[in-house]
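User: Please explain the terms used for this model by setting each value against its definition.

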2 protein chains.
Amino acid sequence: MKIDPSLFPFFTPQGVAIIGASFVPTKLGYGLSRNLVQSGYKGAIHLVNLRGGNLLGQPVYKHVSEVPDPVDLAVLLIPAAAVPQALEDCAQRGIKALIIVSGGFKETGTRGTQLEEQCLEIARKHDLRLLGPNCIGLIDTHLPIDTTFLSPPGPTPGDIAFISHSGAICAAVIDWARGQGFGLSRMASLGNQSDVNETDLLAPVAADPYTRVITLYLEGVGDGRRFIKVAQEVSRQKPIIALKVGRYESSQQAVASHTGALAGMENAYSAAFRRAGVIRAETTEELFDWARALAWCPLPRGRSVGVLTNAGGPGVTAIDALEAEGLTIANLKESTKTSLQTLLESAASVENPVDMLAGATPQQYASSLQVLLDDAHVDSVMVIIPPPPMHTAGGIAKAIIPVICTAEKPVVIALMGERLIQEAVEHFRAARVPEYRFPERAAAALAVLAKRAKYLAEISHSAERPIKPLEKINQTIVEEVLHQYNPGEILSQGDAFTLLQAYGVPTAQPQLAKNAIKAGEIAREIGFPVALKIASNHINHKSEVGGVLLNLHNPAQVEAGFAEIIERTRSVRPGSATEGVYIQRMIPSGQDVIIGAIQDQQFGPLIMFGSGGIEVEGVKDVRFSLAPLSTSEVEEMLERTWAGKKLAGFRNLPPADREAVIDVLLRVAQLGSDFPQIAEIEINPLSVLEAGHGAVAVDIRAKLSR
Amino acid sequence: MKIDPSLFPFFTPQGVAIIGASFVPTKLGYGLSRNLVQSGYKGAIHLVNLRGGNLLGQPVYKHVSEVPDPVDLAVLLIPAAAVPQALEDCAQRGIKALIIVSGGFKETGTRGTQLEEQCLEIARKHDLRLLGPNCIGLIDTHLPIDTTFLSPPGPTPGDIAFISHSGAICAAVIDWARGQGFGLSRMASLGNQSDVNETDLLAPVAADPYTRVITLYLEGVGDGRRFIKVAQEVSRQKPIIALKVGRYESSQQAVASHTGALAGMENAYSAAFRRAGVIRAETTEELFDWARALAWCPLPRGRSVGVLTNAGGPGVTAIDALEAEGLTIANLKESTKTSLQTLLESAASVENPVDMLAGATPQQYASSLQVLLDDAHVDSVMVIIPPPPMHTAGGIAKAIIPVICTAEKPVVIALMGERLIQEAVEHFRAARVPEYRFPERAAAALAVLAKRAKYLAEISHSAERPIKPLEKINQTIVEEVLHQYNPGEILSQGDAFTLLQAYGVPTAQPQLAKNAIKAGEIAREIGFPVALKIASNHINHKSEVGGVLLNLHNPAQVEAGFAEIIERTRSVRPGSATEGVYIQRMIPSGQDVIIGAIQDQQFGPLIMFGSGGIEVEGVKDVRFSLAPLSTSEVEEMLERTWAGKKLAGFRNLPPADREAVIDVLLRVAQLGSDFPQIAEIEINPLSVLEAGHGAVAVDIRAKLSR
């Protein structure tokens with residue numbers, strides 16, 4: 001992971017100047033000075049305030065120019081209007097890294113936005129890096145340093161880093177973490193992100209040796225493709241979990257396709273996170289429930305879970321929760337059951353979930369846990385501790401912690417209660433064993449561990465099957481077609497077919513014949529049987545006027561059919577202008593799927609695959625990935641959709657040509673990547689024939705970007 | 001609500017005897033005595049132990065026969081083998097209500113089961129009522145009384161009742177509730193339910209004036225239909241929330257239909273809970289998060305929510321969560337925005353979510369909340385309080401509580417943090433204002449309030465549109481058909497068609513013609529066009545041997561077709577025995593849906609509706625309700641499935657005959673109710689023609705119960 005050297009001073013500053021230190025204890029400028037002084041920061045601390053004098057045992061400088069060496073980071077908490085000059089002053093003093101805590105910028109409207117742009121200009125001019133404005137700064141509990149103004153106490157030292165677009169969420173999480181029993185390593189509040197953004201901080205935060213997991217609170221990302229690239233690198237080394245909010249502020253753009261209607265912003269984020277190896281949490285509680293497990297537990301080798309309990313009810317709850325999370329209930333070895341029988345009362349259940357009964361002693365908890373961990377069928381264990389009627393939860397905790405801490409498999413605890421479990425809670429937290437109040441949350445934590453293990457396995461033994469370069473691609477034809485349209489226009493059907501044909505997608509493009517002889521020739525060319533359809537913009541219901549003929553098997557039938565159709569429509573609609581007759585290959589009935597591509601604002605071309613036909617938006621059996629597609633992403637789209645799964649055949653439905661579908665997916669993705677000016681392109685349906693017989697695009701829509 | 005008088009002594013005992021009181025403080029029999037004595041129970045307390053003497057300031061009787069009046073409830077905590085005699089002794093003494101805390105019964109195997117049956121026999125003989133065995137008894141915090149052996153402290157008095165199949169969950173919830181800041185009114189642990197079960201306790205617990213919400217932890221229900229009836233009555237008066245576990249212990253019975261494969265036990269429970277007005281929680285945390293809101297808040301009139309925050313991030317999180325819960329973000333009135341502008345800083349956002357900015361004072365919180373509550377577009381409010389940088393959360397709580405407590409609309413709090421919010425937490429809990437750590441859980445609580453309000457509105461102004469009695473039903477035919485089969489058998493297709501025809505469902509039943517003349521007659525009868533198909537058990541791929549003819553339009557074609565088919569198959573398969581030719585009406589293409597009925601073990605006939613065809617199990621667009629169906633349940637099935645929604649037409653798909661679908665649903669439900677011996681019956685597809693043209697059952701499967 002390469003770290004931009006200009007960001008070093010944010011995390012390893014030699015000296016910090018607080019511009020806007022206040023003498024008034026109720027002011028934020030006082031809180032900021034207090035936190036920095038009390039944080040235990042070992043570098044130089046310089047307080048700056050026009051009044052001068054002394055504050056918190058430190059001299060106060062009247063101006064940043066007076067600040068002595070060393071100083072390489074400044075924190076600004078002064079009125080917004082004074083910030084541009086302060087930036088100039090800092091640059092003058094040689095300070096290149098600045099945290100602008102002050103509000104009053106972009107978040108307040110046009111004037112604030114102008115002020116923020118002015119700050120950024122100054123920064124560009126002097127090579128300054130800006131964090132904020134409108135943020136609450138940085139904390140490193142190990143360096144240590146605290147540049148926030150938040151009311152004490154600050155976070156306890158820990159191994160979870162938190163990067164957040166919201167300062168209020170930072171404040172809440174710091175305080176809440178204390179009650180949840182986990183500490184933070186580094187915390188960064190990004191504010192308006194005039195310069196430094198979430199992507200910039202990933203590598204510097206991950207580089208911290210104390211940080212074992214990186215958590216993100218995101219309201220969006222600045223540069224989608226860069227985020228993916230950086231996050232992908234970082235997540236190979238340390239897990240990243242993101243809570244992305246603003247889900248429902250979906251773009252209100254008009255769309256021309258099912259793909260556009262179904263894509264939305266969130267599918268792009270999900271696809272991006274998948275590709276980047278970022279785990280997506282849905283709530284703040286999940287974010288940190290999962291972070292604790294990932295920070296503190298070894299990873300499991302598989303998905304089989306052993307459950308150890310002293311009561312039936314919580315055991316049943318655990319099984320439900322584990323299965324709902326897609327984990328499996330370990331099938332214990334016979335030798336395990338035999339060992340458990342010797343350890344436990346005869347009425348105990350030695351099947352998984354192992355129910356030791358209410359009288360289970362701390363020693364029985366410990367020995368049974370060891371037996372479960374020794375079972376090769378068990379990849380991870382959930383231990384359930386309700387307030388025990390006969391022994392203390394604290395005693396159980398003390399007995400099992402040594403087993404857990406020496407195990408190479410993850411163990412999480414469902415520790416149920418409040419007052420009667422407090423001692424146990426403290427023991428577990430001190431030993432960095434993740435405990436959750438109920439089996440449901442413990443199960444979710446185990447599921448995340450399994451997910452992380454699977455991700456690491458996949459990226460390690462897949463230097464990904466390389467995708468063969470696609471043949472039969474003609475960019476020139478596409479360029480020529482697109483050249484004829486203005487931004488935002490919808491392509492004619494013929495041109496939409498041409499685009500895909502140019503990219504090697506087999507289509508059933510209708511071809512226009514102006515006379516019967518030509519009709520016969522075309523039919524011979526595209527292959528029998530064919531269908532004939534009157535070509536006229538004036539006739540809507542073509543079959544009602546006898547304007548459609550199906551299943552014609554030879555040139556003679558086609559030629560006769562041409563005449564018949566022209567004759568019939570003339571007699572029914574005497575005035576209608578006809579251009580001729582369309583000839584289209586008859587497609588044997590296959591499995592109908594939809595394949596589409598749209599340009600996502602943040603992440604570029606987004607590919608959709610799923611159940612096609614007119615019901616695509618109702619059934620919503622679709623899956624998205626970003627282009628260009630990797631083989632594992634293609635497999636994922638096919639495996640996670642019913643449309644994809646049934647390509648292998650289902651009951652009396654014969655297997656279809658899965659390889660042909662993959663080929664078309666790759667070609668559409670390539671087209672979307674090569675031509676960002678195509679806003680949406682969609683094949684619906686792609687008729688997938690029986691295995692070995694290919695797939696044919698039957699209908700196509702395409703629209704250009706504005 | 002009628003309460004069985006035999007259950008009175010459990011909740012209002014005049015005197016309680018503890019049989020198995022112990023002098024040893026580590027024994028459960030001591031804990032039980034201690035809890036009863038210390039609970040503040042005002043009736044008579046009688047401790048019974050062979051040793052006699054004194055314990056906890058109470059005389060100890062050597063035998064229950066010595067216990068003086070008053071005594072109408074006994075708690076037994078003696079070895080299982082001694083329980084039958086103790087029951088006889090209690091009966092002798094005139095004690096008719098017994099809580100058997102002792103374990104060692106059904107839960108331990110065959111011998112325990114026999115012992116439990118023996119107890120039940122004794123109970124039946126003497127009209128005793130038994131709670132347990134293998135339970136932890138009852139608590140009423142208001143009477144007060146505590147017959148459990150749990151380690152103190154017991155629950156604080158409150159307004160949430162808890163009935164549980166798991167004693168360990170009781171112990172956990174009592175302890176956990178303290179940390180969550182809610183009290184319990186009544187708590188009952190059901191144990192093995194040899195006699196009294198969850199349904200028996202609903203009405204007695206609901207009758208408690210202190211109880212405002214009833215929460216259930218269920219591992220199943222004993223008598224499904226009775227549970228629905230009682231819960232329906234109770235839930236009209238007080239909300240019931242249930243956590244049903246054991247979801248994944250689905251029955252392993254072989255099934256013969258898609259309906260059977262998709263139904264599972266959980267769909268039956270969901271349908272039963274919906275009908276009974278029971279709210280289903282998925283986790284223990286949800287159970288009590290929701291209970292607090294329902295116990296403490298007035299109900300909203302609609303789904304529009306106002307959000308009041310002092311920071312952007314949590315506001316965005318709240319909006320996401322509210323929309324995910326199906327609530328809407330209130331569109332504030334102009335007058336509201338004007339009022340807010342006068343109250344707040346100019347940079348504040350007066351659009352919903354209302355962001356007062358970080359400096360918001362307690363007074364601004366209170367006034368803005370009042371303004372939101374006064375807006376007729378706002379049905380409920382979420383107030384967000386992160387640890388505020390300038391004021392204390394406690395100060396904000398004190399300022400807004402008077403507004404909340406006088407409001408007629410629900411207000412819930414997202415109170416984010418731990419130490420910095422403790423004072424606020426205590427204020428809110430004392431004032432019975434529900435507070436949650438994050439907006440996501442607060443949003444879920446508001447959603448439950450809206451759901452409850454909707455339920456009460458629906459049951460009040462719908463003395464349900466009465467369903468017209470179905471005409472054209474012939475039970476005799478069904479009886480005759482079923483008579484020919486053994487339990488567990490699958491019906492022939494012909495007989496399956498006959499069943500549905502007898503219940504007035506239009507079908508396209510193939511009819512057998514033995515000669516050409518008969519074929520013509522049948523075709524005339526069922527209406528043209530028709531299809532012909534060779535009738536032979538020896539020919540599998542009938543179309544390959546020329547055994548199928550489609551779209552025949554008149555008797556002459558049919559008669560000629562008959563001869564042609566017989567001739568062709570004879571020439572291709574000279575040896576094959578043919579029975580004749582099937583004549584079937586050609587069905588115009590319609591919307592294909594599936595309608596099925598299966599007998600659920602707990603709840604009886606369960607009806608399925610959804611997207612049909614061969615892909616029903618892949619797409620899983622289905623919904624279940626219990627028979628007989630109410631009009632609102634039918635509507636719900638159609639509204640919650642894509643198959644149902646698109647009956648109204650979608651894009652270029654024309655509207656289909658929705659009324660015909662409803663008619664078939666009601667008829668299938670009626671058939672399932674009238675004939676419980678039909679284990680599964682399924683129409684797939686039911687071809688629904690264009691509006692006004694009806695629907696036709698094209699294929700049918702049916703299987704008898706074992």
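Analyst: The following turns treat confidence, the contact between the chains and one helix pair.
Residues are numbered from 1 along each chain as its sequence is written, and chains are lettered from A in the order in which they are written. This is a predicted model, in which local features need pLDDT of at least 70, side-chain atom pairs count only at pLDDT 80 or more, and totals for chains, interfaces and linings use all residues.

User: What pLDDT does chain A average?

Analyst: On the scale of pLDDT, the predictor's confidence in each residue from 0 to 100, chain A averages 92, and 97% of its residues score at least 70. The model scores ipTM 0.90 and pTM 0.92.

User: How many residues does the contact take from chain B and from chain A?

Analyst: Two residues are in contact if their C-beta atoms, placed from the backbone, lie within 7 Å. The contact takes 59 residues from chain A and 59 residues from chain B.

User: Why is α18(B) called oblique to α19(B)?

Analyst: Helix α18 (residues 516–526) of chain B and helix α19 (residues 555–572) of chain B pack at about 140°, their axes 8 Å apart. Angles under 35 degrees count as roughly parallel, over 145 as roughly antiparallel, 65 to 115 as roughly perpendicular and the rest as oblique. The angle of about 140° therefore makes α18(B) oblique to α19(B).

User: Which residues of α18(B) and α19(B) meet?

Analyst: Among them are B:A516, B:I517 and B:A519 in α18(B), and B:P555, B:V558 and B:E559 in α19(B).

Notes. Axes are lines fitted to C-alpha atoms, for helices over the stretch in contact, and angles run from 0 to 180 degrees between N-to-C directions. Helices (H or I, at least four residues) and strands (E, at least two) are DSSP runs, numbered from the N terminus.
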